[in-house]
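Let's take a stroll through a protein model together. Have a look at the sequence and the 3D view first, and then we'll go through a few spots one by one.

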Amino acid sequence: MRQLELLAALEHVPTLSAAAREAGLSQPAASKLLGALSDDLAIDLFEKAGRSLRPTPAGRALIRHAANLIGNLDRAQAEIEAIESGLSGTVAVGAGIGACYVLMPRALQLLLDQAPDVVVTMREGAMEEHFAMLRDGRLDLVIGRVEPALVDRDFAMDELYDPAILIVAGPQHPLANVPSVNWTKLAEQDWILPQEGTPMRAGIERIFRRVKRRPIRCMIESSSIQTNVSLMNARDMLWVLSEDITAYFEALSLLKRLPVETLRTTAALSVVRMRGRSPSNATSRLLDCLHQVADTISADSRMAARPSAARSGAE
């Protein structure tokens, strides 16, 4: 078991000494365990890289499988403890920022109604970190905007819905209540741009290229929703935000969508899980709730778009 725990730790820490500490071992004891394992399997699992050890391809494969096994054991223990406490199970979720304002709260409300004895642990953060935790079993599901081309073959991905991207401003912005606006005027405004490398940034950059206009002043690059909303309520700036989250802040009178074409990214809101790992009953219940909520949000969006389409046709 110590060998498995040591290998599993090497999946998410950079050095053998750090992995040894996580497994409750001294570094000499950890080196001895790995050496014995390599001898037992009659294959090199690690190679020298300066003063440290680097896993060989065989070592990386073994580390990955050990992390999966330890993750499965941890989840099984958590589920058994939950059942012994009178609950029906647990589910651990990692969510991107964009999923935490509308999709996840509604899905969790529905789950509480349908299965109030399920315990959910949710963490918000970067998708790359969530995927690492999903792989080693610390998460059951990852939810957020995901580029299909970037999804590892070990993962199974289900698209939930694909909200349009809107250009938004604070309610006090001079363009917040105009009946129409063109890109020449938009380019004259101060903008907050999404961070480089995000689907939102790629989407707005495609629009800039197509309309042959680019904002003169882009002093802030940020994907922090709360920070950007606060900033737009303090200064006259524009930003891009998904339709579902825009509606959430419009209801609070904190944002206004501008009357300009909607954008699309290549990354829909999706749920990702490990391929070949059977979901627990609790995980399956949450998956059902996510799909139900996604269907409702998509239907609401289509209904809201019909009057706009009718107005555009009339114009």
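## A loop, a patch, two cysteines and a sheet

Start with Ile 43, which lies in the loop between α3 (27-41) and β1 (46-49). Helices here are DSSP runs of H or I with at least four residues, strands are DSSP runs of E with at least two, and both are numbered from the N terminus. Before going on, keep in mind that this is a predicted model: local features need pLDDT of at least 70, side-chain atom pairs count only at pLDDT 80 or more, and totals for chains, interfaces and linings use all residues. Residues are numbered from 1 along each chain as its sequence is written, and side-chain values use heavy atoms, with hydrogens and water left out.

Back to Ile 43: leaving aside neighbours within four places in sequence, it is in contact (heavy atoms within 4.5 Å) with Ser 38 and Ala 58. Val 229, on the other hand, is 186 residues from Ile 43 in sequence and 55 Å from it in space, C-alpha to C-alpha.

How covered up are some of these residues? The labels work like this: buried is under 20% relative accessible area, exposed is over 50%, and partly exposed is in between, using a 1.4 Å probe and protein chains only.

| Residue | Relative accessible area | Label |
|---|---|---|
| Ile 43 | 38% | partly exposed |
| Leu 69 | 37% | partly exposed |
| Cys 100 | 16% | buried |
| Cys 289 | 1% | buried |

Leu 69 sits in helix α4 (residues 57-84). Together with Met 1 and Leu 73, Leu 69 makes a nonpolar surface patch of about 290 Å². To be in such a patch, a residue needs over 30% relative accessible area and no salt bridge, and nonpolar side chains are joined within 5 Å (like charges within 9 Å). A salt bridge puts a side-chain nitrogen of Lys or Arg within 4 Å of a carboxyl oxygen of Asp or Glu.

Now for the cysteines. How many disulfides turn up in the whole structure? Zero, where a disulfide is a pair of cysteine sulfur atoms within 2.5 Å. Cys 100 is in no disulfide, and its nearest cysteine sulfur, that of Cys 289, is 17 Å away.

Last stop: an open sheet of five strands, in the order β9-β8-β10-β7-β11, with mixed pairing. Its edge strands, β9 (217-221) and β11 (256-257), each pair on one side only. Two strands pair if DSSP finds at least two bridges between them. Strand β7 (residues 165-169) runs antiparallel to β11, and two bridges join them. Look for Ala 169, which stands opposite Lys 256 in β11.

Technical notes
Accessible areas come from the Shrake-Rupley method with a 1.4 Å probe; for residues, only the protein chains shown count as cover.
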